[in-house]
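Biologist: I am new to this model and would like a close look at one part of it, the charged side chains. Please start with the whole chain and then go down to single residues.

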Amino acid sequence: MSKSNSAEKRNHQSDKETISRRVAEELHERIDQAADRGDEFERKMHERSAEVQDKARNLKGGISRIVHDNPWALVGGSVALGILIGSLASRR
């Protein structure tokens, strides 16, 4: 009887090791997938960041040209906006 118990214990131990190995492999696979997704996300964010920076530079250049070419129109618009905000604020 002790031989069969010993064999059962070895089989049980072997089953535990097999299950542990499968779980470890599955976890490694999922971690690798998550890392790949993270790398892809980081790459996309760098690309988007570069696009946004380019658009911001273009916008800044456009605004600078408008202000340089039409300074008095900008001053007049600012005064009109200030008067509008002041009149709306005084009504409260």
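How many positive and negative side chains does the chain have, and how far apart do the centres of the two sets lie? Please then take a close look at the salt bridges of helix α1.

Modeller: This is a predicted model, in which local features need pLDDT of at least 70 and side-chain atom pairs count only at pLDDT 80 or more, while totals for chains, interfaces and linings use all residues. Residues are numbered from 1 along each chain as its sequence is written, and side-chain values use heavy atoms, with hydrogens and water left out.

The chain carries 17 positive and 15 negative side chains, and the centres of these two sets are 7 Å apart. Lys and Arg count as positive, Asp and Glu as negative, and His and the chain ends are not counted. Each charge is placed at NZ of Lys, CZ of Arg, CG of Asp or CD of Glu.

The setting for these charges is a chain with two helices and zero strands; both kinds of element are DSSP runs numbered from the N terminus, helices being H or I of at least four residues and strands E of at least two. Along the principal axes, the C-alpha atoms fill a box of roughly 105 × 40 × 5 Å. The radius of gyration is 34 Å, whereas a compact globule of 92 residues would have one near 12 Å. That radius is taken over C-alpha atoms, and the globule rule is 2.2 Å times the number of residues to the power 0.38. Of the 92 residues, 1% are buried; buried means under 20% relative accessible area, exposed over 50%, and partly exposed in between, with a 1.4 Å probe and protein chains only. The chain exposes about 8,700 Å², of which carbon and sulfur atoms supply 58%. Such areas come from the Shrake-Rupley method with a 1.4 Å probe, and for residues only the protein chains shown count as cover.

Now the close look. The structure has four salt bridges, a salt bridge being a side-chain nitrogen of Lys or Arg within 4 Å of a carboxyl oxygen of Asp or Glu. Among them is the pair E40 and R43, whose closest N and O atoms are 2.4 Å apart. About one helical turn separates E40 from R43, because they are three residues apart in helix α1. R43 also pairs with E47, where the closest N and O atoms are 2.3 Å apart. E47 and R43 are four residues apart in helix α1, again about one turn. E40, R43 and E47 are thus linked in a network of salt bridges. In relative accessible area, E40 has 32% and is partly exposed, R43 has 39% and is partly exposed, and E47 has 38% and is partly exposed.

A further bridge joins R57 to D54, with 2.7 Å between the closest N and O atoms. R57 and D54 lie three residues apart in helix α1, about one turn. R57 counts as exposed because its relative accessibility is 52%, while D54, at 41%, counts as partly exposed.

Two surface patches complete the picture. Patches are made of residues with over 30% relative accessible area and no salt bridge, with like charges joined within 9 Å and nonpolar side chains (Val, Leu, Ile, Met, Phe, Trp, Tyr) within 5 Å. E25, E29, D32, D36, D39 and E42 form a patch of negative charge on the surface. One of them, D32, is in helix α1, which covers residues 2-69, and D32 counts as partly exposed at 47% relative accessibility. The nonpolar surface patch consists of I19, V23, L27 and I31, with about 380 Å² of accessible area together. I31 is in helix α1 and is exposed, with a relative accessible area of 55%.

For scale, E40 and L74 are 34 residues apart in sequence and 44 Å apart in space, C-alpha to C-alpha.
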